[in-house]
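Student: I'm new to this one, so could you walk me through it?
Tutor: Sure, let's look together and take it one question at a time.

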Amino acid sequence: MKEITLHLNGEVRRIAVAPHETLLEVLRERLGITTPKSGCGRGDCGACTVLLEGKAVRSCLILAIETDGQRVTTLEGIGEDGPTALQQEFVKRNAFQCGFCASGIVLAASALLKENPQPNEGEIREALAGNLCRCTGYEPIVAAVRAVARRNAGKKRVAKRARS
Amino acid sequence: MNTNKVVGTPSIRVDGLEKVTGAALYADDLPFGPGLLHAVVVESPHAHAKIKSINTSTAEKAPGVVRVVTGRDFPYKFGLYMQDRFIFPQDRVRFVGEQVAAVIAETPEAALRAARLVKVTYEPLAAVLNLADALCKDAVTIHPDLANYERVPWFFPRAGTNIAHWRKTRKGDIEKGFRQADYILEDTYTVPRYAHCPMETHAVTGWFDLSGRLTLWASSQSPYAQRGVMAVALKPFGLSHQDIRIITPYVGGGFGGKAGVSMEIIGAVLAIAMKGRPVRLHWTREQEFKNTSQRQGVVARVKMGVKKDGRITALEHTLHWDAGASAEYGANVVNAVGLSATGPYRIPNVKIDSVCVYTNMPPCGAYRGFGYSEFHFGLESHLTRIAKALGMDPVEIRKVNAIREGDTLAYGAKMNPGNLVEAIDRVAKEIRWGRKEKSGSTRAVGKAVACFWKAPAMPPNASSAAYLKFNEDGSLNLAVSGMEIGQGFLTVMAQIASEVLTVPVSKIRVETPDTDRNAYEWQTVGSHVTWSCGNAVRAAAEEVKAKVLATVARAKKLKAADLYLEAEHVKNRRDKSFALPLREFVIDGIMLADGRYVGGPIHGTGMFMPEFTSALGDPETSQGGHPNVHYTVGAAGLVLEVDKETGKLKVRKVALAADVGQAVNPDLVRGQVVGGMLQGLATALYEDIRYAPDGRLLNPNFTDYKIPTTLDCPDKIVSIMLETPQPDGPFGARGIGEHTMIPAAPTIADALEDAVGIRLKTLPITAEKVALALNGIEYDDVKGDHLGFCFIGRPSDYSFEIG
């Protein structure tokens, strides 16, 4: 066992982990963080997606011991001032059905929008291709991300006009 | 005209915020503290074998292990419609992956390690891995005690064989029907097994407390049905319904796979084995594939006779289903198809034989569509082929034969309202039927239109109930036991209550089920809960409304008949100035001039049972009963692009029209159309389950069993809702959850033929098969054994003979 330090959702958490424990296991079983879901255990489905140093990763494929000292953000840790614009858009569009894939998709889409605030539909679909959803046919999920991207584009235009 | 204010509007889902914030909890998310025990099962490596001995002593001594449980501890069977499934097998295992023992330990790791130390000695038996072997003259019988199994009265198993059920439907004179035909086509179609693949695998935590009460937290579509099955199976422990409590938090997708009971009963007995401590069992993805239920594979022989004008004179439809090692639920799928395999057409002479066959493959059960996707593939493919042979328009032949309200169904009952002809016209128009799209040298485009219908398959006494109560602020709690499996059930129930009581949806909290607290619901299956539970909720809301108006009438000395509800107020038709807010009196009552109060906490209950149904038809003809409540009909049109070099298929557009009676929430109906259509297209195009020659599942994961991603969607999906009201539905509503998958496969097969002239009769229609067929090569000739098989060999060799 080795003690690691995680910067988890803005808090410092220290925990002793075994070398073979995955980040998903440590989050769910040891730290009480339940939004990353276990859907396949082998990186196929994306339900366990978390942000590691801001990047969307599959927590079932990462050993907890590797994340010592790093910033880990789960769905619990986003939207400090209530639901983010993206989350609100998902709600408005009834984007999820059973909701089991939602935390992974919200995080994967958040990471995409941070890196590329105005993704086109192809870029959105590419970025979310590793997050499986069996219910929705993806249509409202992609539409919600596009809506935020369009709003970001609008903001950018306003900012540009303000500068000129 | 829709005069409703809430029903028929696209309300935001009541569970939306919970799901995007992660507040929604699923069965495996619930905390049970450090006392929680973890279980792992020991699985059979054989498809069929005698269990000679089980040695648990090494495992029991392994670190962290608290107990090892086998069939000796729990020698009981269970099943929803027929008790043919074993909590732990007794003398023999019947499929690869069957649980023969379970290890309970302090940690999941310790349980997993110790499970490998349980030594089971087997004596392998001849395994029955395809239908021909199962039905041949000297077939090895998988359930020698079949004759003694408890079952529902509408199942007809054949003792001494592998036939778990045989549904026969006979209408008119089949020989005469074929004599009258100008053209007869007969052919075989094959639909393999499929896996549900909900994103959440099955999970259960059981707690048998020190007072002897069993509570289960389960990912389930069927809390009450589970309680019922367990009350029967666990009776030897002195348990009855009152001692068993099932709590179902949010469930991460079901699609039929979480209907009835599968692994939950293992969780129940492990809890009983560990009285006083909670025990958790959580299936891996691999176990989800092989030890819950799959969709049954089917080989279907369709023989259809038609007049020159396209009118169908006779249909002989023979279906042999691979139910796997247990048919406790699958036989009812077979039954449903045996009654409805005419499709939505008026056919005077019908002979249907739907035969449920045991094999040593994983057990099968309910899957979205309940057999209808399977039989529509052959039937609709066949109809298009017949139209082409007659030189007739495939759309026209469907309109000529389309079923209409009042027509006599194959089993003698009358057809309910529904506008199939309009559905056909609307989708044909949407895909510009009749207009040839440009094809290039490497790409060809084809179109197709197919119809569908489906009825809920329910026991005649399947019922729903609802409790509704007010809170002090005028908000409501609605306690029903339909399951929110993603379809939006909670939202739709809130909308129905809101419509009656004028309380906004945002102020109605609908909770997921707890069998101790929420009202009864048979199961959330068959696309029936909007209709059935919706009726119960409406009745409960009407009762609440009557109490509200009566209370105000009594307190204010008014006539209840003059009072009505509007925007959370009681108003008076005779006095426009009168407006009493609900929140002022629905709990505390109304104060009279002398300081006394009248009224009190207002609540209501409602129930619904379709009292007109009966499953007691003649076993030889199915005539005389009224087994189905109603059908939802519709049609789909599809535009397909074929890459002639690679065989890759791309759906450019798909339009689906369904007569939903009344869309309670059009946005959620669209959700069912888009999601269901993609699930259906995946079964048609690439989901492809494979077994090794020893019965081992070769691809129990998403690397090798592909389900759709964001990159596999049709370019455009159009959802068309028709609304011919269902007379006994809440506000006229009928179900739509399953139907949206059904037309996917036949439209793909037909559009492929339209584009490039090849006809494939075995699903899935993969790029590989298409590319080979375009080069004149049959897939089965070149596939090779290493790619595994599904459940029959070469479909064209299948004889349909029963030994």
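**Starting with a hairpin**

Student: Which residue in S24(B) stands opposite B:Lys571?
Tutor: Before that, note that this is a predicted model, where local features need pLDDT of at least 70, side-chain atom pairs count only at pLDDT 80 or more, and totals for chains, interfaces and linings use all residues. Residues are numbered from 1 along each chain as its sequence is written, while chains are lettered from A and ligands numbered from 1 in the order in which they are written. S23(B) and S24(B), residues 575-581, pair antiparallel over four bridges (strands are DSSP runs of E, at least two residues, and helices are runs of H or I, at least four, numbered from the N terminus; strands pair if DSSP finds at least two bridges between them). Opposite B:Lys571 in S24(B) you'll find B:Ala579.

Student: And what is the bridge partner of B:Tyr564 in S23(B)?
Tutor: Look at S22 (residues 563-566) and S23 (residues 569-572) of chain B, which run antiparallel and are joined by four bridges. Their hairpin has two residues between the strands, and B:Ala567 takes a positive phi near 45 degrees there. In S23(B), the partner of B:Tyr564 is B:Lys571.

Student: There's another sheet, in the order S6-S2-S8 of chain B. Which strands are at its edges?
Tutor: That open sheet has three strands with antiparallel pairing. S2 (residues 49-55) is joined to S6(B) by two bridges, with B:Ala49 opposite B:Val93. Each edge strand pairs on one side only, and the two are S6 (92-93) and S8 (119-124) of chain B.

Student: Which helix gives the largest share of the largest nonpolar core?
Tutor: A nonpolar core is a set of buried Ala, Val, Leu, Ile, Met, Phe, Trp, Tyr and Cys residues joined through C-beta atoms within 7 Å. This one has 320 residues, and B:Val427 and B:Met493 are among those touching the most other members. The largest share, 11 residues, comes from H14 (residues 529-556) of chain B.

Student: Is B:Asp425 buried, exposed or partly exposed, and why?
Tutor: B:Asp425 is found in H12 (residues 420-430) of chain B. A residue is buried if 20 or more other C-beta atoms, placed from the backbone, lie within 10 Å of its own, exposed if 12 or fewer, and partly exposed in between. B:Asp425 has 17 such atoms within 10 Å, so the label is partly exposed.

Student: How many helices and strands does chain B have, and why is chain B called as compact as a globular protein of that length?
Tutor: Chain B has 18 helices and 30 strands. Its radius of gyration is taken over C-alpha atoms, and the globule rule is 2.2 Å times the number of residues to the power 0.38. For 803 residues the rule gives 28 Å, so chain B counts as that compact because its own value is close to this, at 27 Å.

Student: Which helix of chain A supplies the largest share of the side that touches chain B?
Tutor: In all, 39 residues of chain A are in contact with 43 residues of chain B (contact means C-beta atoms, placed from the backbone, within 7 Å). H2 (85-92), H3 (102-115) and H5 (139-163) of chain A each supply at least two residues of that side. The largest share, four residues, comes from H2(A).

Note on methods:
Two residues are in contact if their C-beta atoms, placed from the backbone, lie within 7 Å.
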